[in-house]
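Hi,

Here is the structure I said I would pass on. Have a look at it first, and my notes on the aromatic rings follow below.

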Amino acid sequence: MRRYLVQTFGCQMNVHDSRRIEEVLRGAGYAPAEGPSTADLLLFNTCSVREKAEQKLRSAVGTYKHLKAQRPELVVAVAGCVAQQEGERLLKRMPYLDVVIGPDNIPELPELVEHIRAGGPPVARTVFDEGSPRFLVARPRTDAREVTSFVTVMKGCDERCTYCIVPYTRGSERYRAADEIVSEVSGLVEGGVREVTLLGQTVNSWHPGEKESHRTPSSFARLLRRVAQEVPGLRRLRYTSPHPRHLNDALIAAHADLPVLPRHLHLPVQSGSDRLLKRMLRRYTVAEYVERVTALQAAVPGLTLSTDMIVGFPGETDADFEATLELVRQVGFVSLFGFKYSPRPYTPALKLADDVPEEVKDARLQALFALVESQQSAHLQALVGTRQQ
């Protein structure tokens, strides 16, 4: 029996994709390898959201070059966003690679591996499925009990934030039918899963296909209500990553009405400066963001918030950064993912001068972390003596 080893970099979507890769390989007769030395296929599932993604990939793959030299029959593959971004160029830069495969081409992986085993040349397959989108179904594992799982409801992104490479590596938005989503969640719960996270690059922009109904601002909220009603065994329903533009009244009402939704939401904001939000093409103001989260917290008492922040975006001044700190204080975020701005290929922000020195980015990031850690500590201290589920 042939064996595989998958190494994953990046976000929840990449973790989900790696699970689907494993399921496709198992369906083709593969089994997990105990380590690289026993693998017949080494696959690296990559992320390109941050800078130097390819260098990190080179380092990871280079660790196993000696295995390829010792065992020429070993197949080395790269999947994910770096694969989609670079395609054939990766094969030229990394001659020990055999397969480069994009996220929409995962079902083709066993066939491409067999092509290499039959003596075929290295191959890159990075074609979007925009004409007829495919969504691989998550199934409960039989080899180990799982209590949490991811379910994809959409893929791609139409937002076009100026710093983000995702529209290039994941394509435009494609939506999955509600019946399929509910059926997948139900199957996972029957298999023992108790928490499901709905996934999408802009998950709350989901809407049903034209055959089901017309798009409305309440589409995603209706999906949440349907999952809660039709899968009563589900104990917790999360979703990520939402966009503030789509946190509307219908979605706020769903949070107030559905106990299955936790009293926590991750809602990326990226900056507390209106000037920078405009440069980032986020399409909301700080006041609009605060208005929406305030309405949500009023509807769901005790709800906590986390967020994403970028420091050092081109043109960020001390005043812009202080506005970000003020927003963190005002909203009371209990955690955040903070990142230094890094130029990404094919993004509009490349036209802006990256004029914030690295040492300034470092200092701002540490100040941001220190502030939110103090707020998190205060939140946790307030829970002492209470009972939580």
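To start with a question: are Phe220 and Tyr239 buried or exposed? Both of them are buried. Keep in mind that this is a predicted model.

I searched the whole structure for aromatic pairs, and 7 turned up. One of them is Tyr168 with Tyr346, a stacked pair with 4.0 Å centre to centre and 15° between the planes. This pair links distant parts of the chain, 178 residues apart. You'll find Tyr168 in helix α7 (residues 166-170), while Tyr346 is in the loop between β14 (335-340) and α14 (358-383). Tyr168 is partly exposed, at a relative accessible area of 37%, and Tyr346 is partly exposed too, at 43%.

Now back to Phe220 and Tyr239. Their ring centres are 5.0 Å apart and their planes are at 80°, so this pair counts as edge-to-face, the cut-off for that being over 60 degrees. Phe220 belongs to helix α9 (residues 219-230) and Tyr239 to strand β11 (residues 236-240), so the pair ties together parts that are 19 residues apart in sequence. And, as said above, both residues are buried.

Two more things to click on while you have the model open. Tyr163, Phe313 and Tyr341 together make one aromatic cluster. Then there is a charge over a ring: the charged end of Lys155 sits over Phe135, 4.9 Å from the centre of that ring.

Cheers

How values were computed. Residues are numbered from 1 along each chain as its sequence is written. This is a predicted model: local features need pLDDT of at least 70, side-chain atom pairs count only at pLDDT 80 or more; totals for chains, interfaces and linings use all residues. Side-chain values use heavy atoms; hydrogens and water are left out. Rings of Phe, Tyr and Trp (its six-membered ring) pair if their centres lie within 6.5 Å; planes under 30 degrees apart count as stacked, over 60 as edge-to-face and the rest as tilted. Helices (H or I, at least four residues) and strands (E, at least two) are DSSP runs, numbered from the N terminus. Buried means under 20% relative accessible area, exposed over 50%, partly exposed in between (1.4 Å probe, protein chains only). A charge sits over a ring if NZ of Lys or CZ of Arg is within 6 Å of the ring centre and within 35 degrees of the ring normal.
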